[in-house]
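Please walk me through this protein model, starting with its sheets and ending with its pocket. I would like to know which parts pair, which parts pack on them, and where the backbone departs from the usual.

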Amino acid sequence: MTTDLIPPSLLDSRGFREAMAYLSAAVNVITTDGPMGRCGITASAVCSVTDDPPTLLVCINRSSAMHRIFESNVELCINVLPAEHEQLARNFAGITQMPMENRFETAKWNLGNKGVPVLHDALASIEGSIVDVKDVGSHSVMFVEASQVRVRDSGDGLIYFARNFHRIKHPDLATTR
């Protein structure tokens, strides 16, 4: 095992991104629909902020073509992906170069309470409204107040770690009690 210490004077965005590649994170497809149109992106930069009011944050690169759409539409859904949707994650990440409308044709979607696409078999779907946006460097941190939550009680998880997707086995509930 080797460990390379990057001195603060040499820390740059490349070194920081390298370290962040080892920060395991759930894989989500964030979706929206509204006056600016329907779109979605794959994101791992999603985090709970508080449970009262139930609020999450979603970080989106400001140079992304979808940034303006999300900010303008305000309503969105955070769809936590199960492991069987790795290809969907790749499609919405733009890895496959699939046009946006075709990406939605590769899975079953329901219409959420505020008209946003909700993945039918997501591990969890959190619908909400963007209530605040803070620009930090290249990204916007969008604070989303949840208004509707759906949770599936089974299925393996999907995480992003070391620049690749990985399945996380759902614990056997019988052995964890």
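The paragraphs below take the sheets, the helices, the loops and the largest pocket in turn.

The model is a predicted one. One of its sheets is an open arrangement of seven strands, and across it the order runs β3-β2-β6-β9-β10-β5-β4, with antiparallel pairing. The two edges are β3 and β4, the latter spanning residues 46–51, and each of these strands has a partner on one side only. Direction ignored, neighbouring strands in this sheet are turned against each other by 30° on average. As a general point, the strands of a sheet are held in pairs through hydrogen bonds of the backbone, in either a parallel or an antiparallel sense.

Individual pairings fill in this order. Strand β2, residues 28–32, runs antiparallel to β6, residues 75–80, and four bridges join them. Within β6, the residue that stands opposite T31 is C77. Further along the sheet, β9 and β10 run antiparallel and are joined by twelve bridges. Here V133 stands opposite M142, a residue of β10. The hairpin made by β9 and β10 has two residues between the strands, and in it G137 takes a positive phi near 60°. On its other side β10 meets β5, again antiparallel, and seven bridges join these two strands. C59 has V141 in β10 as its bridge partner.

A second open sheet is made of three strands in the order β1-β11-β12, and its pairing is also antiparallel. Its edge strands are β1, residues 25–26, and β12, each of which pairs on one side only. β1 pairs with β11, residues 157–161, over two bridges. One bridge partnership here is that of A25 with Y160 in β11.

Now to the helices that pack on these strands. Helix α2, residues 65–73, lies across β2, β3, β5, β6, β9 (124–136) and β10 (139–151), and it runs at about 110° to β3. Helix α3 also packs on the seven-stranded sheet, where α3 touches β2 and β3 and its direction makes about 115° with that of β3. The contacts of α3 extend to strands of the three-stranded sheet: α3 lies across β11 and β12, at about 150° to β12.

Several loop positions deserve a separate look. In general, most peptide bonds are trans, and most residues other than glycine have a negative phi. The peptide bond from D52 to P53 is cis, with omega near 0°, and P53 sits in the loop between β4 and β5. V74 has a positive phi, near 70°, although this residue is not a glycine. V74 belongs to the loop between α2 and β6. Q97 is another residue other than glycine with a positive phi, in this case near 60°, and its place is the loop between α3 and α4 (100–104).

How exposed are V74 and Q97? V74 has a relative accessible area of 28%, so it is partly exposed. Q97 is exposed, because its relative accessible area of 67% is over the 50% cut-off.

Is G112 buried or exposed? G112 lies in the loop between β7 (109–111) and β8 (117–119), and it counts as buried because its relative accessibility of 9% is under the 20% cut-off. Leaving aside neighbours within four places in sequence, G112 is in contact with V118 and E127. From G112 to G128 there are 16 residues in sequence, and the two C-alpha atoms are 9.9 Å apart in space.

The largest pocket holds about 1,200 Å³ of space. It is lined by 30 residues, and those closest to its centre are A43, S44, A45, H139 and Y160. Y160 is also the bridge partner of A25 in the three-stranded sheet. Which elements each supply at least two residues of the lining? They are α1 (13–20), β3 (39–43), β5 (54–61), α3 (86–93) and β12 (164–168). The largest share, four residues, comes from α1. Sorted by class, the lining of this pocket has 18 nonpolar, nine polar and three charged residues.

Technical notes. Residues are numbered from 1 along each chain as its sequence is written. This is a predicted model: local features need pLDDT of at least 70, side-chain atom pairs count only at pLDDT 80 or more; totals for chains, interfaces and linings use all residues. Side-chain values use heavy atoms; hydrogens and water are left out. On a 1 Å grid over the protein atoms alone, a cavity is a set of points where a 1.4 Å probe fits but cannot get out, and a pocket is an open set with protein on both sides within 12 Å along at least five of seven lines; lining residues have an atom within 4 Å of a point. Grid points are joined across faces, edges and corners, and a volume is the space filled by probe spheres set on the points. Ala, Val, Leu, Ile, Met, Phe, Trp, Tyr, Cys and Pro count as nonpolar, Asp, Glu, Lys and Arg as charged, and the others, Gly among them, as polar. Two strands pair if DSSP finds at least two bridges between them. Axes are lines fitted to C-alpha atoms, for helices over the stretch in contact, and angles run from 0 to 180 degrees between N-to-C directions. Contact means heavy atoms within 4.5 Å. Buried means under 20% relative accessible area, exposed over 50%, partly exposed in between (1.4 Å probe, protein chains only).
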